[in-house]
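Let's take a walk through this one together. Pull the structure up in your viewer and keep the sequence at hand.

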Amino acid sequence: FPLGNRMNKPRTAGLTMIIDKGLGLGETRDLLNLAGGYIDFFKLGFGTSALYENNMLEEKIHLVRSHGVDIYPGGTFLEVAILQDKLKQYLTTARDFGFTAIEVSDGTIDLPLDLRAEAITAAVDMGFKVLSEVGKKDPNDDFEIKEIVQLVNHDLSLGAAHVIVEGRESGKAVGLYDKEGNLIQSDLEELVHSIGDPTCLIWEAPIKDQQQELIIRFGPNVNFGNINPHEVLALEALRVGLRADTLKAILQKKPK
Amino acid sequence: FPLGNRMNKPRTAGLTMIIDKGLGLGETRDLLNLAGGYIDFFKLGFGTSALYENNMLEEKIHLVRSHGVDIYPGGTFLEVAILQDKLKQYLTTARDFGFTAIEVSDGTIDLPLDLRAEAITAAVDMGFKVLSEVGKKDPNDDFEIKEIVQLVNHDLSLGAAHVIVEGRESGKAVGLYDKEGNLIQSDLEELVHSIGDPTCLIWEAPIKDQQQELIIRFGPNVNFGNINPHEVLALEALRVGLRADTLKAILQKKPK
Amino acid sequence: FPLGNRMNKPRTAGLTMIIDKGLGLGETRDLLNLAGGYIDFFKLGFGTSALYENNMLEEKIHLVRSHGVDIYPGGTFLEVAILQDKLKQYLTTARDFGFTAIEVSDGTIDLPLDLRAEAITAAVDMGFKVLSEVGKKDPNDDFEIKEIVQLVNHDLSLGAAHVIVEGRESGKAVGLYDKEGNLIQSDLEELVHSIGDPTCLIWEAPIKDQQQELIIRFGPNVNFGNINPHEVLALEALRVGLRADTLKAILQKKPK
């Protein structure tokens with residue numbers, strides 16, 4: 001491969017998290033047979049997991065896990081649970097269904113730091129891999145790099161496995177992305193330089209240009225989130241330099 | 001659920017119509033097993049139904065109906081039939097294949113009111129659920145609210161089950177949507193205030209922001225059309241408030 | 001059908017090439033059962049074919065071929081092989097896996113004319129259908145119609161079956177398309193008038209408006225590339241005039 005050093009599963013970097021907006025069982029099986037080796041986390045987007053019939057949900061979770069992929073319900077669902085003061089019940093139900101990871105986010109609600117800590121700790125204690133998320137979903141809310149850095153360190157110190165940088169499903173007008181979905185380079189660099197080890201971050205980057213920029217910036221083993229299930233192989237080709245965009249970048253770095 | 005009162009099937013409001021641009025039998029089965037409870041109408045988009053092999057079309061129709069979902073061919077097909085003066089033949093063929101609904105539209109052709117009435121009446125008489133459609137597909141054509149209101153009342157009086165407000169597959173520069181796909185609020189309110197019961201309308205709203213605005217405006221049981229099959233579960237999450245966008249709106253309405 | 005004269009398979013014009021970004025075996029089977037009659041070439045996009053397990057790749061190739069569809073790996077892969085001076089090895093491996101066609105492109109690398117000729121000739125000699133491609137993937141590179149015409153004639157004289165006009169997966173800011181994906185009409189006409197027989201060209205046209213314009217310009221049997229697998233039936237409806245956009249164009253041509 002033109003871009004070497006891509007890590008294999010189970011890996012601690014180069015993670016790919018997909019967002020599932022409603023794949024049927026057959027499609028899920030098909031996807032995992034083809035590309036299961038390139039998927040690390042499987043997120044049932046938004047609160048969709050509440051919309052499955054129980055046995056179908058269990059079967060899907062079982063199927064995903066059998067391919068060595070972690071699976072978890074979208075963060076908005078946990079936010080609703082916290083709002084309704086049902087955190088423990090939520091975590092217990094998630095464990096009973098077979099989910100292996102939990103996302104702790106405050107994309108929509110205002111989550112005081114102590115409640116955030118409580119949620120992370122409770123999920124870690126129950127044996128979940130915890131992915132926390134930083135950044136608001138609403139473009140009108142601020143995205144202060146200093147606050148973000150504090151939050152990242154806070155969450156990791158409590159046992160979060162990774163911290164997701166909010167990019168939404170659209171990748172536009174949120175967090176580090178401007179209205180057109182372009183990366184705001186100055187914010188990116190400020191964030192990266194304030195974080196000790198950027199491999200703890202998972203970048204939600206649904207748009208190809210975002211994936212491309214981040215691969216060129218961080219290399220093939222950068223972590224991605226909110227990847228469209230149908231784009232997993234295309235992303236992998238981008239990672240290893242088998243797609244024009246990253247191939248060209250490699251060629252330009254080499255002496256002619 | 002944060003947003004309560006979502007109606008179950010069979011329901012008279014909160015309908016979801018999907019547009020199928022060519023799902024295979026396996027994918028169709030997969031989708032219906034997962035989300036059949038959230039789908040009310042299954043439209044074979046454009047004239048695609050003419051492109052199936054006959055036994056595959058029959059099998060697909062049978063499959064969709066077995067999940068309690070109405071199925072019909074896209075309206076453009078009927079427009080072609082009317083152009084060719086083959087309305088009766090078209091309806092008979094549709095019935096023989098097993099379609100349960102018919103769309104009567106004039107998105108492309110000029111359809112005099114008497115021919116429109118004839119088509120609706122003939123389809124109703126043959127036992128079809130009739131969905132008529134208002135609004136032209138061409139952005140250069142006018143969308144006069146007063147005319148639209150007259151047409152809606154005309155169609156309903158002839159037995160149309162619902163009237164679809166044209167949004168096309170793209171949701172942009174058509175009907176109530178401007179070039180960017182934003183709802184033109186003044187037109188929307190004028191239309192709604194002139195119609196006795198807005199639950200008779202099905203809004204073609206392929207874009208998430210459109211769905212979100214209409215849910216916030218009309219509640220979870222608003223009727224949607226031209227939904228991408230892969231977005232049915234995501235739309236349902238939006239309806240019941242399990243997705244950030246509608247959840248936030250609910251939170252803001254509550255006293256803090 | 002409103003637009004007559006659509007050719008059936010095997011055909012020499014009206015070809016449809018799809019770009020596969022990672023369809024599973026089940027999805028592939030499903031697609032071919034439904035729409036195999038409307039697909040002529042099946043491209044495993046980018047370098048994704050390198051990311052399959054060997055037996056899954058063989059099974060997929062076998063499946064596609066059993067429906068009378070040619071299959072080939074994306075051109076970027078060959079460019080990498082040429083860069084690494086492994087052309088022969090690449091072609092032999094491709095033949096052993098069962099690929100029936102080869103794309104010779106220089107979308108990313110600088111490919112001297114003699115190496116281009118060597119690649120085309122070698123692939124033709126090994127029995128592949130050769131699709132060469134003109135146009136750079138990078139919007140900053142020039143697209144000189146005169147050069148393009150020379151290249152088209154060059155490739156055809158060496159035995160290329162068709163020449164693809166680069167449109168990328170996005171259809172924007174590349175070749176004949178401007179930043180918004182609109183066809184640059186003057187370039188199109190200059191190109192068409194300089195080529196003896198435009199049916200030798202395959203237009204990469206991933207966006208519906210592009211497909212529509214080219215069908216209106218060249219008729220239903222124009223050749224298309226980079227079609228999304230889920231859009232094959234929709235494209236076919238557009239070709240035969242069963243979709244509003246081309247239907248309207250036909251109606252306007254007829255005397256009222």
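What follows goes from confidence to symmetry, then to one interface, and ends in the core.

First, a word on how far to trust what you're looking at. This is a predicted model, and it comes with an ipTM of 0.89 and a pTM of 0.91. For chain A, the mean pLDDT is 90, with 94% of the residues at 70 or more. As for the rest of that chain, the usual caution holds: where pLDDT is low, the predicted coordinates shouldn't be read in detail.

Now for how the chains are arranged. In general, a rotation about an axis plus a shift along it relates two copies of a chain. Try it with chain C and chain A: turn by 120°, shift by 0.0 Å along the axis, and chain C lands on chain A with an RMSD of 0.0 Å. The two copies are therefore related as by a three-fold rotation axis. They don't meet through matching patches, though: the surfaces are different, and just 4% of the contact residues of chain C recur in chain A. Chain C also goes onto chain B by a 120° rotation with 0.0 Å of shift along its axis, again at RMSD 0.0 Å. Here too the copies use different surfaces, with 5% of chain C's contact residues recurring in chain B.

Let's zoom in on where chain C meets chain A. Chain C brings 25 residues to the contact and chain A brings 22 residues. Together they bury about 2100 Å², and carbon and sulfur atoms give 63% of that area. Which three residues of chain C supply more of its buried area against chain A than any other three? They are Lys21(C), Leu51(C) and Thr108(C), which supply 29% of what chain C buries there.

There's a polar side to this interface as well. Two salt bridges are counted between chain C and chain A. Glu169(C) makes a salt bridge with Arg243(A), and their closest N and O atoms sit 2.6 Å apart. Across the same interface of chain C and chain A, eight residue pairs are in polar contact.

Finally, head for the inside. The largest nonpolar core counts 232 residues, and Trp203(A), Trp203(B) and Trp203(C) have the most contacts inside it. Take Trp203(B) and see what surrounds it: leaving aside residues up to four places away in sequence, its partners include Val165(B), Leu176(B), Leu188(B), Phe218(B) and Phe224(B). Trp203(B) also touches Asn223(B) and Gly225(B).

Conventions: Residues are numbered from 1 along each chain as its sequence is written. Chains are lettered from A and ligands numbered from 1 in the order in which they are written. This is a predicted model: local features need pLDDT of at least 70, side-chain atom pairs count only at pLDDT 80 or more; totals for chains, interfaces and linings use all residues. Side-chain values use heavy atoms; hydrogens and water are left out. A nonpolar core is a set of buried Ala, Val, Leu, Ile, Met, Phe, Trp, Tyr and Cys residues joined through side-chain atoms within 4.5 Å. Buried means under 20% relative accessible area, exposed over 50%, partly exposed in between (1.4 Å probe, protein chains only). Contact means heavy atoms within 4.5 Å. Copies are superposed by least squares on the C-alpha atoms of residues with pLDDT of at least 70 in both. pLDDT is the predictor's confidence in each residue, from 0 to 100. Buried area is the accessible area (1.4 Å probe) that two parts lose on being put together, summed over both. A salt bridge is a side-chain nitrogen of Lys or Arg within 4 Å of a carboxyl oxygen of Asp or Glu. A polar contact is a pair of N or O atoms within 3.5 Å; within protein, one must be able to donate a hydrogen and the other to accept it, and residues adjacent in sequence count only if both atoms are side-chain atoms.
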